[in-house]
Amino acid sequence: MYIKRIENVINSTHFVLTPLIGKTEYVVVDCGGGTVDLTVHQLDTYTGGLAELHKATGGACGATGVDLEFEKLLKKIFGKDFIDQFKLKRSAGWVDLMIAFEARKRTAAPNKTNPLNISLPFAFIDYYKKHRGSSIESAVRKYGDPNVKWSNQGMLRISPELMKELFQPVLSKIIEHVSALINKPTVQGVQFLFLVGGFAESPLLQAAVRDAFSSKLKVIIPQDVGLTILKGAVLFGIDPTIIRIRRAAVTYGVGVLNRFIPGKHPREKYVRKSSIEWCTDIFDKFVTVDQSVSLGEKVTRSYAPAKNGQKSIVINIFSTENADVKYVTDPGVTKCGFLRIDLPEVVDSDPRKPRELQACMTFAETEIKVSAMDVVSGNEVKASIEFLKD
């Protein structure tokens, strides 16, 4: 079931990103609930085609990060054990509380001077009295922070300054991610920054992005910023070929055998087949992470059975975020598919020549199409791998 690499039979495709005439480069900062996703594109102003200049990146620094900061504040005021119990025992009340906070979170703005009133549900007030034997008002008073007050109308009043503090850890991470991206040598031609996504509706986030990047880039915040991503998804669904060049999200390859070289290959990878010494588990790369790949680009490799008389071959497909991977057993390498191809006997074939197997990866829109063919018999098998990773 093993395969070996046939050297110098079919040269692999070399990926070349041809400079575009009339190019415009921009970064899209998509700020959602859980994550912030960054992409860099180059627009060909003559054809309207897009090229991805850097693989999608980002981090878990979306709007829910502000919710977590608010939860930390509640634990400081009312106690961690109480908040944990309330979430567990009164989950509906916790949802009501977070909905009330969400409404105030959306109105937080840089120049706001009035306190933000967050309505605490009756379930929260009642459960606290039963759990602690005291009132919400006494807990707030005991906390002793002038930025947090209690209203007799059942409102927790938070000063604008404190609300900004709840936002600050998340905003700092977003600015850090964007700064790290635009400072990379490969994206130095970026001229515009588009801020989109549901969280991008926040005036505090908009102000932070403008303050950090308006001196370097033209910051653009579209109308209906929360719907921009949805509109883009619909347009992409109508014409997915608009993105002509992508960046590989991970490294893809197959597991093969190579001739064992003492001192270069680890001894634990040594196997002997048909009187030949092999190194097993070699990761033979088809495309490397962040490598540019054109729409319809093909990469072909040629292999042969490592043992004469094999009736079938299984070609295992692997992926990893590591660009310098050597073996399929390296940390972070995962199996993402396989191809099984039968090798029937062919009467007029030359037994002295290695039986050639061609494996091909085709980069098509949002997936990778993988195929393998036994050249002698013409048998061919196909599979697909999802190209866009979350």
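The buried residues of α3 (buried means under 20% relative accessible area, exposed over 50%, partly exposed in between, with a 1.4 Å probe and protein chains only) pack against α1 (64-78), α2 (80-89), β5 (116-119), α4 (122-132) and α6 (160-182). Contact here means heavy atoms within 4.5 Å. Helices (H or I, at least four residues) and strands (E, at least two) are DSSP runs, numbered from the N terminus.

This is a predicted model, in which local features need pLDDT of at least 70 and side-chain atom pairs count only at pLDDT 80 or more, while totals for chains, interfaces and linings use all residues. Residues are numbered from 1 along each chain as its sequence is written, and side-chain values use heavy atoms, with hydrogens and water left out.

Which residues of α3 are buried? They are Gly-93, Trp-94, Leu-97, Met-98, Ala-100, Phe-101 and Lys-105. These residues lie on the same side of α3 because they cover an arc of only 155° around the axis. The arc is taken from the directions from the helix axis to the C-beta atoms. The face turned away from the buried side of α3 carries exposed Ala-92 and Ile-99. Helix α3 spans residues 91-107, 17 in number. From first C-alpha to last, α3 reaches 25 Å, close to the 24 Å expected at 1.5 Å a residue. That expected span is 1.5 Å times one less than the number of residues.

Now take α1, one of the packing partners of α3. Helix α1 has 15 residues and reaches 21 Å, close to the 21 Å expected. Its buried residues include Val-66, Phe-70, Leu-73, Leu-74, Ile-77 and Phe-78. Charged names also appear in the buried set, among them Asp-67, Glu-69 and Glu-71. Just after α1, Gly-79 takes a positive phi of about 100°.

Strand β5, another partner of α3, leads to a sheet. Three strands form an open sheet in the order β5-β7-β6, with antiparallel pairing. Two strands pair if DSSP finds at least two bridges between them. The edge strands are β5 and β6 (148-151), and each pairs on one side only. Four bridges join β5 to β7 (residues 155-158). Leu-116 has Ile-158 as its bridge partner in β7. Helix α5 (residues 136-143) lies across β6 and β7, running at about 160° to β6. Axes are lines fitted to C-alpha atoms, for helices over the stretch in contact, and angles run from 0 to 180 degrees between N-to-C directions.

Last, the whole chain. The protein chain has eight helices and 20 strands. Of its 390 residues, 43% count as buried.
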